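Reader: I am in my first year and would like a close look at a single part of this protein. Please pick one helix, and add whatever else helps to place it.

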Amino acid sequence: MAVHWVLICHGLVTLTVVVSFLCGQWPIFQGTPISSIHRFITFGAYQYFLKFVGAVFGDKGTNLILSVEYYCCDRPNPILQIIYLAIIGTIYCIIAKTSFSYIPGYYLSGIHRYASMLAVGIGILLFILTSFSDPGTVKAENVSQYLSAYPYDNIIYTEKECSTCKLPKPARSKHCSICNRCVARFDHHCGWMNNCIGERNTRYFLAFLLWHFLLCVYGTIAIGLVLAGQLKELRVIYILTVYYGVDNSFGSLAPYIVQWLLGSYNTQILLMVFMAIVSLLLAGFFVYHANLCLTNTTTNETFKWQDYISWRKKLSEARASTAALKASISGVNGEGKPPESKCRSFFRRSPLEDTEAVIKNNVYDKGFFLNFYEVIFPVSTRASFLQTKSKSG
Ligand SMILES: [Zn+2]
Ligand SMILES: [Zn+2]
């Protein structure tokens, strides 16, 4: 009985930590222990650790930790690339070791031994392609083409020069401080790929996300079919109903089957749960990025638009409150407009309610089909892009 309680407590603690980590910053958790745990995991724990190192080892210790942080977070490094290869390699080896002996089985043909290897190979190929391809680096040779390929919208992009590269900054480009270069149609710097995601490699990045989502779904279903095949081949249901007298219904058989699976195939169950969770995360990332591509926006621009819209809102609120102040002063002086009816002023929420609505006006959005085409066939790979130089130069 005590073991059950330990398991329940363990489950609750894990759930709290996962929810706090992923959702702790949501407004509904504001002021609750969930948001405190979120702050502690994401920021506080590291600060306490730094203070602890400082107290024990002095400034030398703190500087060492800060230089490690600088190397890991602010400089190009292959740490996450190695972790990705280690994860995919280890998972594949464990699956091969624990489950390949059941292939071919009742539900899976022998071809899946080779199909799985091919699927993982394609995944690694997409990873290499995204990691080592040029994301669209802006150089002196191509800056004039990029300038004419993406016009300034004069909202979130205006004519500017990159202070580091000393080159004009084409619209939609951003200087990546980690890679120390300007990247056209910059999306984000991806630590897993140790590369920027930009104009030329967003297509590989999208393919990587989609393929790894499918890979996880394939792995989960394949292991599920291996276990279902074992259930069938070992005639577990027959034994349970005939020899142990268990009622032949889902409700009465399920607990025995779950117990049997957890006892005999715990590695496979663990792998299935892991791949199912990762597939959900990848699906979320893929949908987010696919939506950006179809609306011809980038992650970088999403933040720029948010900043722009909140800046405009604040500006118009300030204008409205100034106008309200002026109106109240003129009201005191008995000048200006006739007084508002009591009924109307009661229903008026605030003097700021007339603030103008700011909407996103993305000039790069050319419709679903052309937006998708632009990601698959980036402008810099087209013949028209290369011809621009001969015209301008
Ligand atoms: Zn730059
Ligand atoms: Zn970068």
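Author: What follows takes one helix, α9, and then turns to a few backbone details elsewhere.

The model is a predicted one, so keep that in mind throughout. The protein has 13 helices and 4 strands. Its C-alpha atoms fill a box of roughly 95 × 70 × 55 Å along the principal axes. The radius of gyration is 29 Å, whereas a compact globule of 393 residues would have one near 21 Å. Of the 393 residues, 19% are buried. Among contacts between residues at least 6 apart in sequence, 66% join residues at least 24 apart.

Now to the helix. α9 runs over residues 266-294 and has 29 residues. How far apart should its ends be, at 1.5 Å a residue? The expected span is 42 Å, and the end C-alpha atoms are 42 Å apart, so the two agree.

Next, which residues of α9 are buried? They are Q268, M272, M275, L282, F286, H289 and C293. To read that list, recall that an α-helix has 3.6 residues a turn, so residues three or four places apart point the same way. The cover over the buried residues of α9 includes α3, α6 (202-233) and α12 (368-376). Just after α9 comes N296, with a positive phi of about 55°.

That last angle deserves a short detour. Most residues other than glycine have a negative phi, and most peptide bonds are trans. N296 is therefore one to note, with its positive phi of about 55° just after the helix.

Two further residues that are not glycine also take a positive phi. R172, at about 75°, lies in the loop between α5 (143-149) and β1 (174-176). Is R172 buried or exposed? R172 counts as buried because it has 28 C-beta neighbours inside 10 Å. N194, at about 55°, is found in the loop between β3 (188-190) and β4 (195-197). N194 is buried too, because 20 other C-beta atoms lie within 10 Å, and 20 is the number at which a residue starts to count as buried.

The last detail concerns a peptide bond. From I103 to P104 the bond is cis, with omega near 0°. P104 is found in the loop between α3 (79-99) and α4 (111-132). This leads back to the helix we began with, since α3 is among the elements that cover the buried residues of α9.

Notes
Residues are numbered from 1 along each chain as its sequence is written. Chains are lettered from A and ligands numbered from 1 in the order in which they are written. This is a predicted model: local features need pLDDT of at least 70, side-chain atom pairs count only at pLDDT 80 or more; totals for chains, interfaces and linings use all residues. Helices (H or I, at least four residues) and strands (E, at least two) are DSSP runs, numbered from the N terminus. A residue is buried if 20 or more other C-beta atoms lie within 10 Å of its own, exposed if 12 or fewer, and partly exposed in between; C-beta atoms are placed from the backbone. The radius of gyration is taken over C-alpha atoms; the globule rule is 2.2 Å times the number of residues to the power 0.38. Two residues are in contact if their C-beta atoms, placed from the backbone, lie within 7 Å. The expected span of a helix is 1.5 Å times one less than its number of residues.
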